[in-house]
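Me: I have some questions about the salt bridges, the buried residues and a pocket of this protein. Please keep the answers short.

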Amino acid sequence: NLPAVVDALSEANGFATASDMIATGGATLTNHVGTGSVAAALAAQDYSHVVLQERGGDFVCGWGPMEACENARTSLATLVRLAQEHEAVPILLGTYQGSPESSKAIEVAESQAASEAGLDYVPVSERFRQLRELHPEMTWFAPDDMHPGSDLTLLEAILLFERIHGVRPGSSALVVSAPIYESMSYVPPEVRAAGAPIEQLDVPSSAQYESARIVAVLESLK
């Protein structure tokens, strides 16, 4: 629940934010354009920022079907226009790869896609790869060894916090009071408040980040 971690980090550092999320498992930006979910959310609510994240690797032409790469870029441009029409600042949040070559390639592709679509880009992969080498003991992956674990989510939250608020967060311990989804949890496809309880899922209702974990991420970003 990355949006809820961003909200908790913001509150702990003197900023009031309330995030909604559209986070259907496995969905691409093209899926969200097709369902109209983002357009409906923007029409119903005033947002200051819209954070977009594509399925990992789809911006890298040549890694998969060319159609996926072309659709990713077309749909990103469509969603950027939608956000801007509603006076929201769009941000592309990067994805990640483990090997040095793939990590650099995905950041180049994501950066190029963001530049073409005219939005800000928050790279993740190289920072994640370096942090993982420095702190292999931290929880970078979910139990499936593929989806983000709690500390990769923390890294992404800190990067978004800095980009949105323009300052670095403090290192105090953090409590996130929100559903903490597992990698295979079913999240309803409609827009929902990040902190809203979801009774039909057997998932933790909160998460804690000790100061030492936050310090480890912050020190790597200096």
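Me: Is Asp 58 buried or exposed?
Reply: This is a predicted model, and the answer rests on its coordinates. Buried means under 20% relative accessible area. Asp 58 has a relative accessibility of 11%, so Asp 58 counts as buried.

Me: Which residue forms a salt bridge with Asp 58?
Reply: The closest N and O atoms of the pair are 3.1 Å apart, and a salt bridge needs a nitrogen of Lys or Arg within 4 Å of a carboxyl oxygen. The partner is partly exposed, with a relative accessible area of 41%. The residue paired with Asp 58 is Arg 55.

Me: How many salt bridges does a search of the whole structure find?
Reply: The pair Asp 58 and Arg 55 is one example of a salt bridge here. Another joins Arg 129 to Glu 126, with the closest N and O atoms 2.9 Å apart. For the whole structure, the search finds eight.

Me: In which helix do Arg 129 and Glu 126 both lie?
Reply: Arg 129 and Glu 126 are both buried. They are three residues apart, about one turn of the helix. The helix covers residues 125-134 and is α6.

Me: Which residues are joined into one network by salt bridges that share partners?
Reply: Arg 129 also meets the side chain of Glu 133 in a salt bridge, at 3.3 Å from N to O. Glu 133 and Arg 129 both lie in α6, four residues apart. Glu 133 is exposed at 57% relative accessible area, whereas Arg 129 counts as buried at 13%. Through shared partners, the network consists of Glu 126, Arg 129 and Glu 133.

Me: How far from Glu 110 is the nearest side chain of opposite charge?
Reply: Glu 110 sits in helix α5, residues 100-117. Leaving out residues up to four places away in sequence, Glu 110 touches Phe 59, Leu 92, Gly 94, Thr 95 and Tyr 121. Glu 110 is buried yet has no salt bridge. Its nearest side chain of opposite charge belongs to Arg 73, at a distance of 9.7 Å.

Me: Which elements are included in what covers the buried residues of α8?
Reply: Helix α8 spans residues 211-220, and Arg 213, Ile 214, Ala 216, Val 217 and Leu 218 are buried in this helix. The cover over these residues includes two helices and two strands by label: α6, α7 (150-165), β5 and β7 (207-209).

Me: What is the distance between the C-alpha atoms of Ala 196 and Ser 185?
Reply: Ala 196 is found in the loop between β6 (192-193) and β7. At 23% relative accessibility, Ala 196 counts as partly exposed. Ser 185 is eleven residues away along the chain, and the C-alpha separation is 15 Å.

Me: Which element gives the most to the lining of the second largest pocket?
Reply: The lining has 17 residues, with Ala 4, Asp 7, Ala 8, Ser 177 and Gly 195 nearest the centre of the pocket. Both α1 (2-12) and β5 (174-176) supply at least two residues of this lining. With four residues, the element that gives the most is α1.

Me: How many residues of the lining of the second largest pocket are nonpolar?
Reply: This pocket has a volume of about 180 Å³. Of the residues in its lining, three are charged and four are polar. The number of nonpolar residues is ten.

Methods
Residues numbered from 1 in each chain as written. Predicted model: local features only at pLDDT ≥ 70, side-chain atom pairs only at ≥ 80, totals over all residues. Heavy atoms only, no water. 1 Å grid on protein atoms, 1.4 Å probe; cavity = no way out; pocket = protein on both sides within 12 Å on 5 of 7 lines; lining within 4 Å. Points joined across faces, edges and corners; volume = space filled by probe spheres on them. Nonpolar A, V, L, I, M, F, W, Y, C, P; charged D, E, K, R; others polar. Buried < 20%, exposed > 50% of the residue type's maximum accessible area, 1.4 Å probe, protein only. Contact = heavy atoms within 4.5 Å. Lys, Arg positive; Asp, Glu negative; His and termini not counted.
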